Amino acid sequence: MKDMLPLTPEEQAFVEQNMQLLKKFMFRYGLGTEHYGRLAVHFTQIAARYLREEQLRRFSFSTVAWMRLRTELSHIRREELRTPQLIPSEEQYDPVGQED
């Protein structure tokens with residue numbers, strides 16, 4: 001999404017009223033706090049865009065938000081797969097019974 005404009009009081013109230021939707025989404029997909037920040041920012045952008053763009057209001061906010069959050073989650077997971085995972089040396093494979 002594009003750089004965000006500051007939220008109007010109406011938009012801020014709308015985000016606060018609908019925050020349970022983000023919590024439901026995170027619970028449904030078993031997400032922990034490590035994903036909350038990025039998804040919360042994205043959720044705020046979705047809410048502001050929903051109120052600013054009349055054509056989006058043909059659909060319920062929950063439908064728009066859920067679909068956009070799923071898309072963002074797929075981006076997050078794709079990035080996680082591309083990021084090499086480092087294994088601490090004490091957890092590296094150490095075959096039992098091999099002599100040094």
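The paragraphs below lead from the overall fold of this predicted model to its core, one helix and one histidine.

Local features in this predicted model need pLDDT of at least 70, side-chain atom pairs count only at pLDDT 80 or more, and totals for chains, interfaces and linings use all residues. Residues are numbered from 1 along each chain as its sequence is written, and side-chain values use heavy atoms, with hydrogens and water left out.

The chain holds four helices and zero strands, where helices are DSSP runs (H or I) of at least four residues and strands are DSSP runs (E) of at least two, numbered from the N terminus. Along the sequence the pattern reads α-α-α-α. Of the 100 residues in the chain, 29% are buried, a word that stands for under 20% relative accessible area, whereas exposed stands for over 50% and partly exposed for values in between (1.4 Å probe, protein chains only). Among the contacts (heavy atoms within 4.5 Å) with a separation of 6 or more, 65% link residues 24 or more positions apart.

The interior comes next. A nonpolar core is a set of buried Ala, Val, Leu, Ile, Met, Phe, Trp, Tyr and Cys residues joined through side-chain atoms within 4.5 Å, and the largest one here has 21 residues, with Leu22, Leu39, Phe43, Phe61 and Leu69 making the most contacts inside it. Two or more residues of this core come from each of α1 (9-17), α2 (19-28), α3 (33-52) and α4 (61-82). In soluble globular proteins, nonpolar side chains tend to be buried together. Beyond its neighbours within four places in sequence, Phe61 is in contact with Phe14, Asn18, Leu21, Phe43, Ile46, Ala47 and Tyr50.

Helix α1 shows how one element is placed against the others. Its residues Glu11, Phe14 and Val15 are buried, and, seen down the axis of α1, the buried residues fall within an arc of 100°, so they line one face of the helix; the arc is taken over the directions from the helix axis to the C-beta atoms. The cover over these buried residues includes α2, α3 and α4, while on the other side of α1 Pro9, Glu10, Glu16 and Gln17 are exposed.

The last stop is His35, which lies in helix α3 and counts as buried because its relative accessibility is 10%. Leaving aside neighbours within four places in sequence, His35 is in contact with Met26, Ile76 and Glu80.
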